[in-house]
Amino acid sequence: MIDYKNIGARIRAVRTEKKITQEQLAEAVGVGTSHISHIETGNGTPSFETIIQIINALDCSADELLCIEVKNARPYLNNWLCEIVEDCDPTETKVIMDTVTALKSSLRRLKVAEE
């Protein structure tokens, strides 16, 4: 079951951390301020489209808002990886992706060999 109260609390936490008012978020999303208030308190159920617009307006990851447990969310790691490659050209990005993929594969083989 989806815990809309928890999702709303996460939206509020990210919004306030970024110093965005409910009015500013509502305007960016294209809904009324009362709708944002209802979403944040868990008294309103946002559509999938509204959730996507909120994620984009808050410039955060979906798992940051939607994951039940923080250990399942990887927003900081994902942001870090994105920051590493954001100024790379396509060739550099491909080399980095290939290197990370090969490293992951090697680590998995090593783990299987140890078992």
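Helices in this account are DSSP runs of at least four residues, numbered from the N terminus. On that basis, D59 sits in the loop between α4 and α5. The model is a predicted one, and the text below returns to D59 after going through the helices around it.

The protein chain holds seven helices and zero strands. Along the sequence the pattern reads α-α-α-α-α-α-α. Of the 115 residues of the protein chain, 25% are counted as buried. Among the contacts between residues at least 6 apart in sequence, 52% join residues at least 24 apart.

A good place to start is α4. Buried residues in this helix are T50, I51, I54, I55 and L58. Looking down the axis of α4, one finds these buried residues within an arc of 140°, so they line one face of the helix. The spacing follows from a general property of helices. An α-helix has 3.6 residues a turn, so residues three or four places apart point the same way. On the other side of α4, the residues F48, E49 and N56 are exposed. What do the buried residues of α4 pack against? Their partners are α1, α2, α3 and α5, the last of which covers residues 62-66.

The helix α2 can be read in the same manner. Its buried residues are Q22, L25, A26 and V29. These residues cover an arc of only 100° around the axis, which puts them on the same side of α2. The face turned away from that buried side carries E27 and A28, which are exposed. The buried residues of α2 pack against α1, α3 and α4.

Where helices pack in this way, a nonpolar core can be traced. The largest nonpolar core has 15 residues, and those with the most contacts inside it are I11, L25, I54, L58 and L65. The helices α1, α2, α3 and α4 each supply at least two residues of this core. The largest share, four residues, comes from α4.

L58 is one of the core residues with the most contacts, and it deserves a closer look. L58 belongs to helix α4, which spans residues 48-58. Is L58 buried or exposed? With a relative accessibility of 1%, L58 counts as buried, because the cut-off for buried is under 20%. Apart from neighbours within four places in sequence, L58 is in contact with I11, V14, R15, K18, I20, L25 and L65. One of these partners shows how the chain brings distant parts together: L58 and V14 are 44 residues apart in sequence, and their C-alpha atoms are 7.2 Å apart in space.

Two other partners of L58 can be followed further. L65, again not counting residues up to four places away in sequence, touches I7, R10, I11, V14, I54, I55, L58 and C60. R15 lies in helix α1. R15 counts as buried because its relative accessibility is 7%. Beyond its neighbours within four places in sequence, R15 is in contact with I20, T21, Q22, L25, E40 and L58.

The model also contains a pocket to consider. The second largest pocket has a volume of about 160 Å³. Ten residues line this pocket, and the closest to its centre are I2, Y4, I7, I51 and L66. Both α1, residues 4-17, and α4 supply at least two residues of the lining. By class, the lining has eight nonpolar residues, one polar and one charged.

The last topic is the backbone between helices. Most residues other than glycine have a negative phi, and most peptide bonds are trans. Which residue with a positive phi follows α4? That residue is D59, with a phi near 50°. D59 is a residue other than glycine, and at 64% relative accessibility it counts as exposed. K19 is likewise a residue other than glycine with a positive phi, near 55°. K19 is placed in the loop between α1 and α2, and K19 is exposed, with a relative accessible area of 71%. After α2 comes G30, whose phi is positive and near 85°.

Terms used:
Residues are numbered from 1 along each chain as its sequence is written. This is a predicted model: local features need pLDDT of at least 70, side-chain atom pairs count only at pLDDT 80 or more; totals for chains, interfaces and linings use all residues. Side-chain values use heavy atoms; hydrogens and water are left out. Buried means under 20% relative accessible area, exposed over 50%, partly exposed in between (1.4 Å probe, protein chains only). Contact means heavy atoms within 4.5 Å. On a 1 Å grid over the protein atoms alone, a cavity is a set of points where a 1.4 Å probe fits but cannot get out, and a pocket is an open set with protein on both sides within 12 Å along at least five of seven lines; lining residues have an atom within 4 Å of a point. Grid points are joined across faces, edges and corners, and a volume is the space filled by probe spheres set on the points. Ala, Val, Leu, Ile, Met, Phe, Trp, Tyr, Cys and Pro count as nonpolar, Asp, Glu, Lys and Arg as charged, and the others, Gly among them, as polar. A nonpolar core is a set of buried Ala, Val, Leu, Ile, Met, Phe, Trp, Tyr and Cys residues joined through side-chain atoms within 4.5 Å. The arc is that of the directions from the helix axis to the C-beta atoms.
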